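These are my notebook entries on a protein model. I set down what I looked up, in the order in which I looked.

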Amino acid sequence: MSENAEQTHPLYAADRDLVDALLGHQGDPGAEQLTVAARLVMRYGDFPGADDIKADIQKVVTSWGLDAQSLNLRCREIWSSGWKPGQQLDGDLGSGADVSDQDG
(Lines give C-alpha, C1' and ligand atoms only; values in the text may rest on other atoms or scores of the structure.)
Protein backbone atom coordinates (compact mmCIF):
# COMPACT_ATOMS: atom_id res chain seq x y z
CA MET A 1 0.00 0.00 0.00
CA SER A 2 1.32 3.41 -0.93
CA GLU A 3 2.11 5.88 1.85
CA ASN A 4 -0.21 8.41 0.18
CA ALA A 5 -3.17 6.03 -0.12
CA GLU A 6 -6.50 7.34 1.10
CA GLN A 7 -7.97 5.32 3.94
CA THR A 8 -11.48 4.94 5.30
CA HIS A 9 -11.65 5.61 9.02
CA PRO A 10 -13.51 2.89 10.95
CA LEU A 11 -15.67 5.55 12.64
CA TYR A 12 -16.38 7.44 9.42
CA ALA A 13 -20.16 6.74 9.26
CA ALA A 14 -20.82 7.73 12.87
CA ASP A 15 -18.50 10.74 12.60
CA ARG A 16 -20.17 11.87 9.37
CA ASP A 17 -23.45 12.03 11.30
CA LEU A 18 -21.76 14.11 14.03
CA VAL A 19 -20.30 16.51 11.48
CA ASP A 20 -23.67 16.84 9.74
CA ALA A 21 -25.27 17.67 13.10
CA LEU A 22 -22.60 20.32 13.75
CA LEU A 23 -23.18 21.79 10.29
CA GLY A 24 -26.90 22.04 11.05
CA HIS A 25 -26.48 23.51 14.54
CA GLN A 26 -28.08 26.93 14.90
CA GLY A 27 -26.74 29.56 17.28
CA ASP A 28 -23.66 29.59 19.43
CA PRO A 29 -22.01 26.25 20.09
CA GLY A 30 -22.41 24.72 23.51
CA ALA A 31 -20.08 22.41 25.38
CA GLU A 32 -21.32 19.37 23.49
CA GLN A 33 -20.73 20.92 20.05
CA LEU A 34 -17.34 22.32 20.99
CA THR A 35 -16.02 19.08 22.47
CA VAL A 36 -17.35 16.97 19.59
CA ALA A 37 -15.69 19.32 17.11
CA ALA A 38 -12.38 19.20 18.99
CA ARG A 39 -12.50 15.41 19.17
CA LEU A 40 -13.06 15.20 15.42
CA VAL A 41 -10.30 17.71 14.67
CA MET A 42 -7.89 15.55 16.67
CA ARG A 43 -9.13 12.27 15.19
CA TYR A 44 -8.91 13.35 11.55
CA GLY A 45 -6.07 15.88 11.71
CA ASP A 46 -3.33 13.58 10.41
CA PHE A 47 -5.60 10.85 9.07
CA PRO A 48 -4.84 9.98 5.42
CA GLY A 49 -8.37 10.26 4.10
CA ALA A 50 -11.84 11.53 5.00
CA ASP A 51 -11.11 14.86 3.34
CA ASP A 52 -14.83 15.71 3.33
CA ILE A 53 -15.00 15.41 7.11
CA LYS A 54 -11.81 17.45 7.51
CA ALA A 55 -13.16 20.23 5.28
CA ASP A 56 -16.59 20.29 6.93
CA ILE A 57 -15.27 20.32 10.48
CA GLN A 58 -12.91 23.15 9.54
CA LYS A 59 -15.87 25.02 8.06
CA VAL A 60 -17.82 24.57 11.31
CA VAL A 61 -14.97 25.66 13.58
CA THR A 62 -14.25 28.69 11.38
CA SER A 63 -17.93 29.65 11.37
CA TRP A 64 -17.74 29.81 15.17
CA GLY A 65 -14.87 32.28 14.86
CA LEU A 66 -12.38 29.75 16.21
CA ASP A 67 -9.22 28.03 15.08
CA ALA A 68 -7.75 24.78 16.41
CA GLN A 69 -5.88 26.53 19.22
CA SER A 70 -8.85 28.57 20.46
CA LEU A 71 -11.12 25.52 20.15
CA ASN A 72 -8.76 23.53 22.35
CA LEU A 73 -8.60 26.37 24.86
CA ARG A 74 -12.40 26.51 25.08
CA CYS A 75 -12.54 22.74 25.52
CA ARG A 76 -9.94 22.76 28.29
CA GLU A 77 -12.12 25.31 30.11
CA ILE A 78 -15.19 23.13 29.59
CA TRP A 79 -13.50 19.96 30.84
CA SER A 80 -11.92 21.73 33.84
CA SER A 81 -15.39 22.93 34.88
CA GLY A 82 -16.33 19.31 35.57
CA TRP A 83 -18.60 19.00 32.54
CA LYS A 84 -19.29 15.51 31.22
CA PRO A 85 -20.71 14.61 27.78
CA GLY A 86 -24.49 14.86 27.72
CA GLN A 87 -24.54 17.25 30.67
CA GLN A 88 -25.81 20.83 30.54
CA LEU A 89 -23.54 23.52 31.98
CA ASP A 90 -26.24 25.83 33.30
CA GLY A 91 -26.94 23.76 36.44
CA ASP A 92 -30.68 24.52 36.30
CA LEU A 93 -31.71 21.07 35.17
CA GLY A 94 -33.08 18.20 37.17
CA SER A 95 -35.94 17.48 39.47
CA GLY A 96 -34.21 18.60 42.62
CA ALA A 97 -34.40 15.06 43.97
CA ASP A 98 -30.62 14.98 44.17
CA VAL A 99 -30.62 18.02 46.47
CA SER A 100 -31.75 17.61 50.04
CA ASP A 101 -31.52 19.45 53.31
CA GLN A 102 -29.52 17.30 55.66
CA ASP A 103 -29.67 18.33 59.27
CA GLY A 104 -27.03 16.06 60.47
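**Entry 1. Overall make-up.** I began with the secondary structure and counted four helices and zero strands. Read from the N terminus, the order of elements is α-α-α-α. I note that the model is predicted. I then asked what share of the 104 residues is buried. Buried residues come to 28% of the protein. I also looked up contacts between residues at least 6 apart in sequence, and found that 71% of them join residues at least 24 apart.

**Entry 2. Helix α2 by itself.** I chose helix α2, residues 31-44, for a closer look. Helix α2 has 14 residues and spans 20 Å from its first C-alpha to its last. That is close to the 20 Å expected at 1.5 Å a residue. I listed the buried residues of α2 as Ala31, Gln33, Leu34, Thr35, Val36, Ala37, Ala38, Leu40 and Tyr44. What covers these buried residues includes α1 (12-24), α3 (51-63) and α4.

**Entry 3. One residue, Leu40.** Within helix α2 I selected Leu40. Is Leu40 buried or exposed? I found a relative accessible area of 0% for Leu40, and buried means under 20%, so Leu40 is buried. Next I looked up its contacts, leaving aside neighbours within four places in sequence. Leu40 is in contact with Asp15, Leu18, Val19, Leu22, Gly45 and Ile57. For one of these partners, Asp15, I recorded both separations: Leu40 and Asp15 are 25 residues apart in sequence, and their C-alpha atoms are 7.6 Å apart in space.

**Entry 4. Helix α2 against helix α4.** Two packed helices are described by the angle between their axes and by the distance between the axes. I therefore looked up both values for α2 and for α4, residues 68-80: the axes come within 9 Å and cross at roughly 125°. An angle of 65 to 115 degrees would count as roughly perpendicular and one over 145 as roughly antiparallel. The angle here falls in neither class, so α2 and α4 are oblique to each other. I recorded the crossing of α2 past α4 as left-handed.

Which residues make the contact? From α2 I wrote down Ala31, Leu34, Thr35, Ala37, Ala38 and Val41. From α4 I wrote down Leu71, Asn72, Arg74, Cys75, Ile78 and Trp79. I sorted the residues of this contact by character and obtained nine nonpolar, two polar and one charged.

Notes: Residues are numbered from 1 along each chain as its sequence is written. This is a predicted model: local features need pLDDT of at least 70, side-chain atom pairs count only at pLDDT 80 or more; totals for chains, interfaces and linings use all residues. Side-chain values use heavy atoms; hydrogens and water are left out. Axes are lines fitted to C-alpha atoms, for helices over the stretch in contact, and angles run from 0 to 180 degrees between N-to-C directions. Helices (H or I, at least four residues) and strands (E, at least two) are DSSP runs, numbered from the N terminus. Angles under 35 degrees count as roughly parallel, over 145 as roughly antiparallel, 65 to 115 as roughly perpendicular and the rest as oblique. A crossing is left-handed if the near helix is turned anticlockwise from the far one by less than a right angle, and right-handed if clockwise. Contact means heavy atoms within 4.5 Å. Ala, Val, Leu, Ile, Met, Phe, Trp, Tyr, Cys and Pro count as nonpolar, Asp, Glu, Lys and Arg as charged, and the others, Gly among them, as polar. The expected span of a helix is 1.5 Å times one less than its number of residues. Buried means under 20% relative accessible area, exposed over 50%, partly exposed in between (1.4 Å probe, protein chains only).
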